[in-house]
Amino acid sequence: MGKEENSLPDNSSAAYHTPVLLNEVLEYLNIKKDGIYVDCTFGGGGHSKAILEKLEEKGKLIAFDQDEDARKNVPDDQRVLFIPHNFRHLQRFLRLHSISQVDGVLADLGVSSHQFDEAGRGFSTRFNADMDMRMDQRQELTAFNILNTYLEQQLHKLFEQYGEVTNAKTLAKTIVAARKTTSLQSIDAFKNALHGIVKGNPAKYFAQVFQALRIEVNDELGALKELLNQIPLIIKPGGRVAIITFHSFNPSGSTSFTNSLCLLLYKTSPFTVLYSYCNSFSSLVVRLIPLFSLSA
Ligand SMILES: C[S@@+](CC[C@H](N)C(=O)[O-])C[C@H]1O[C@@H](n2cnc3c(N)ncnc32)[C@H](O)[C@@H]1O
């Protein structure tokens, strides 16, 4: 689960990320000691470490993270296979390693504390840096590219859908007007350009705006959709799937912005929800079901 911004930078590896809902995840993944598990979002490796503690010698953990920085947290452990790529390629990489089915999958969606705290990554409204926000620094699309090239309508839609920004239309219009005369390359320049249209609490407003850009830069819903489409193909009968999200998932976009902490766990059928820990659970399910249905 991606953290919201509330702490000062800390370069120790322990501060990379603190895993959330650790006990819940372990309980519901119901780890088999010789099973094969996938951690789609390795990050600081907190969840992976706990899974490894439950696995014996024959067990295996496949850990994905598209951020090269996560590699430094990978333990020297022969049971671990680190895949520095997007989890949207899950099935392809499993095949490459001659794995057809797995016992469990975990995805802890969003950004790590490390990504927020590294000023130069451009995820945080606390620092001045380039408007970057790429989890995978090999990709070309940055937040600045979006601000600079997207049509007004595209900007409007993404701020409305991914940030629930109440004045998304005005925001899009302001960006398109500002970019004609100013470079929006830096966080400060971008925030200054929006100075006159911020609604309500500025910290909250910019958090919504940055969340929307981050989701678009990293195609977070596209990657999740591809992952969810592949899970039924690679999960063993009786296998378990845990998905943690901190996104705001309000399909109607009609209520105010609230981040929702959600844990969805599936057993075999992706629609059998075992447990939920979420304050807008039904809206998240509404949002996820079309993602599944698209592949049907
Ligand atoms: C919330 S953190 C996960 C923290 C981890 N559970 C832990 O215990 O430290 C999310 C991580 O997933 C990675 N990530 C997000 N989306 C991804 C994707 N589509 N493919 C691969 N990695 C992704 C991010 O780079 C980040 O390191």
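Start at helices H1 and H2: H1 passes H2 in a right-handed crossing. The model is predicted, and the numbering used below starts from 1 along each chain.

**Stop 1: H1 and H2**

Select residues 22–29 for H1 and residues 46–54 for H2. Their axes come within 10 Å and cross at roughly 45°. That angle makes H1 oblique to H2, because it falls outside the ranges for roughly parallel, roughly perpendicular and roughly antiparallel. On the H1 side, show the side chains of Leu22, Val25 and Leu26. On the H2 side, the contact is made by Gly46, His47, Ala50 and Lys54. Coloured by class, this contact of H1 with H2 has 4 nonpolar, 2 polar and 1 charged residues.

**Stop 2: glutamate 24**

Stay on helix H1 and pick glutamate 24, which has its place there. Is glutamate 24 buried or exposed? Glutamate 24 is partly exposed, because 15 other C-beta atoms lie within 10 Å, and the partly exposed class lies between 12 or fewer for exposed and 20 or more for buried. Now add alanine 242 to the selection and draw a C-alpha to C-alpha distance from glutamate 24: it should read 9.4 Å. In sequence, glutamate 24 and alanine 242 are 218 residues apart.

**Stop 3: the ligand**

Next, select the ligand and the 23 residues around it. Which of these come nearest to the ligand? They are Pro19, Thr41, Gly43, Gly44 and Gly46. Gly46 was already on screen at the first stop, as part of the H2 side of the contact with H1. Colour the shell around the ligand by class, and its residues divide into 7 nonpolar, 12 polar and 4 charged.

**Stop 4: H6 and H9**

Move to residues 152–163, helix H6, and residues 202–217, helix H9. The two axes come within 8 Å and cross at roughly 105°. H6 is therefore roughly perpendicular to H9. Show Leu158, Phe159, Tyr162 and Gly163 in H6. They meet Gln208, Val209, Gln211, Ala212, Ile215 and Glu216 in H9. By class, the contact of H6 with H9 has 6 nonpolar, 3 polar and 1 charged residues.

**Stop 5: the whole protein**

Finally, zoom out and display the cartoon. The secondary structure comes to 11 helices and 7 strands. Colour by burial: of the 296 residues of the protein, 40% count as buried. For a contact map, take the contacts with a separation of 6 or more; residues 24 or more positions apart account for 64% of them.

Methods
Predicted model: local features only at pLDDT ≥ 70, side-chain atom pairs only at ≥ 80, totals over all residues. Near = placed C-beta within 6 Å. Nonpolar A, V, L, I, M, F, W, Y, C, P; charged D, E, K, R; others polar. Axes fitted to C-alpha atoms, helices over the stretch in contact; angles between N-to-C directions. Helix = DSSP H or I, 4+ residues; strand = E, 2+ residues; numbered from the N terminus. Parallel < 35°, antiparallel > 145°, perpendicular 65-115°, else oblique. Left-handed = near helix turned anticlockwise from the far one by under 90°. Contact = placed C-beta atoms within 7 Å.
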